[in-house]
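Got your viewer open? Here is a short tour, stop by stop, with something to select at each one.

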Amino acid sequence: MIPSYLCSRAGIAGCGRLAALVLTLTGRGSDQQLTAACDLLAELGVDPGKDLAALDREGLAAQASAPVFQVAALLRSEGQLWASQSDESLRAQGRASAQAAAAFAQLLLPKLTGLSEALSRPGVRMLDVGTGVAAMAVAYAERYPMLTVVGIDVLPRVLKLAAETVAASSAADRVVLREQNVAVLNEANTYALGWLPAPFIPKTALHPGATRVARSLAPGGWLILAHGKLSGTPLEVALTRFKTAAYGGTPLTDAEARSLLLEAGLQDVMTVPTPPGAPGITIGRRA
């Protein structure tokens, strides 16, 4: 028998809270909807005028709405067809991923020996694998004025949206988009930084791709491998594996992530702590 709580008000309430937050942050909706959304947030102890005033409202709204769009696509049997989602959904997920640039600067960059200096040099380059709508690529290029970001993806429709994102950016001349599978990447000694998101890359591409990206790094360059956190309670681990499988990606434990980078020939490999809700991060450096 299916436990009744799985189909109870709890699930509906969770979606309702997210919807209320997004409507309040964006101001999109009828007066009646916006008033009801504010009332719901107030009952949850959130004062929209005070607690949300200093935040990146559009960015936070994108983070809140992205998982809802993802689940909706999965229920429409589009779970492995990321590009079949609506433009709105893809842009929301991209905007959420763009927050990674700020988190990188604050939490990760100090751990990557020599990278801060490298990012300040003219001509420095970054590889963004699975760039999607290029929101993260643009965020990095805007944050680091010497940096050129090369974003690759295998989905032509997504790359069209990426071109729109790049065109609207102040760093448009430093973001390059290519339709390319990471498994056939053929560059060497090029990038100071590489980004490889395992949850969105199938195993058939991830394993050869990790080696290809490692070879593409300049000496001293760093590879950041993002992966789901397969730790915590059995329920949390099962949920992470399910979400990764639903989107055609590769689930990796911390140990598996480290092994992948070591096999790719990198050194100083370690898994670094990340905040709750953030992906697992394992890093490695080319000698």
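Before the first stop, a definition: two rings of Phe, Tyr or Trp (its six-membered ring) count as a pair if their centres lie within 6.5 Å, and a pair is called stacked when the planes are under 30 degrees apart, edge-to-face when they are over 60, and tilted for the rest. Keep in mind too that you are looking at a predicted model.

**Stop 1: the aromatic pairs.** How many aromatic pairs does a search of the whole structure find? It turns up three. Select F104 and Y140, which form a tilted pair, 5.3 Å centre to centre with 55° between the planes. F104 sits in helix α6 and Y140 in helix α8, so this pair ties together parts that are 36 residues apart in sequence. Are these two buried or exposed? F104 is buried, with a relative accessible area of 3%, and Y140 is buried as well, at 2%. Now add Y144 to your selection: F104, Y140 and Y144 make up one aromatic cluster.

**Stop 2: the largest core.** Stay with F104 and Y140, and add L115 and I224: these four have the most contacts inside the largest nonpolar core, which has 39 residues. Colour the elements that each supply at least two residues of this core: α5, α6 (100–108), α7 (115–118), α8, α9, β4 (191–197), β5 (217–227) and β7 (280–285). Which helix gives the most? That is α8, with seven residues.

Next, centre on I224. Leaving aside its neighbours within four places in sequence, I224 is in contact with F104, L108, L112, L193, G194, W195, L196, I281, T282 and I283. There is also a second, separate core of 26 residues; to find it, pick V150, Y191, I201 and V269, which are among its members.

**Stop 3: helix α9.** Select residues 156–167. At 1.5 Å a residue, the twelve residues of α9 should span 16 Å, and its end C-alpha atoms are 17 Å apart, which agrees. Show the side chains of V158, L159, L161, A162 and V166, which are buried. They cover an arc of only 155° around the axis, which puts them on the same side of α9. An α-helix has 3.6 residues a turn, so residues three or four places apart point the same way.

What does the buried side of α9 pack against? Its buried residues pack against α5 (87–98), α8 (135–143), β2 (148–153) and β3 (175–179). Finally, spin round to the face of α9 turned away from the buried side, where you'll find the exposed residues K160 and A167.

Notes:
Residues numbered from 1 in each chain as written. Predicted model: local features only at pLDDT ≥ 70, side-chain atom pairs only at ≥ 80, totals over all residues. Heavy atoms only, no water. Helix = DSSP H or I, 4+ residues; strand = E, 2+ residues; numbered from the N terminus. Expected span 1.5 Å × (residues − 1). Buried < 20%, exposed > 50% of the residue type's maximum accessible area, 1.4 Å probe, protein only. Arc of directions from axis to C-beta. Contact = heavy atoms within 4.5 Å. Core = buried A, V, L, I, M, F, W, Y, C linked by side-chain atoms within 4.5 Å.
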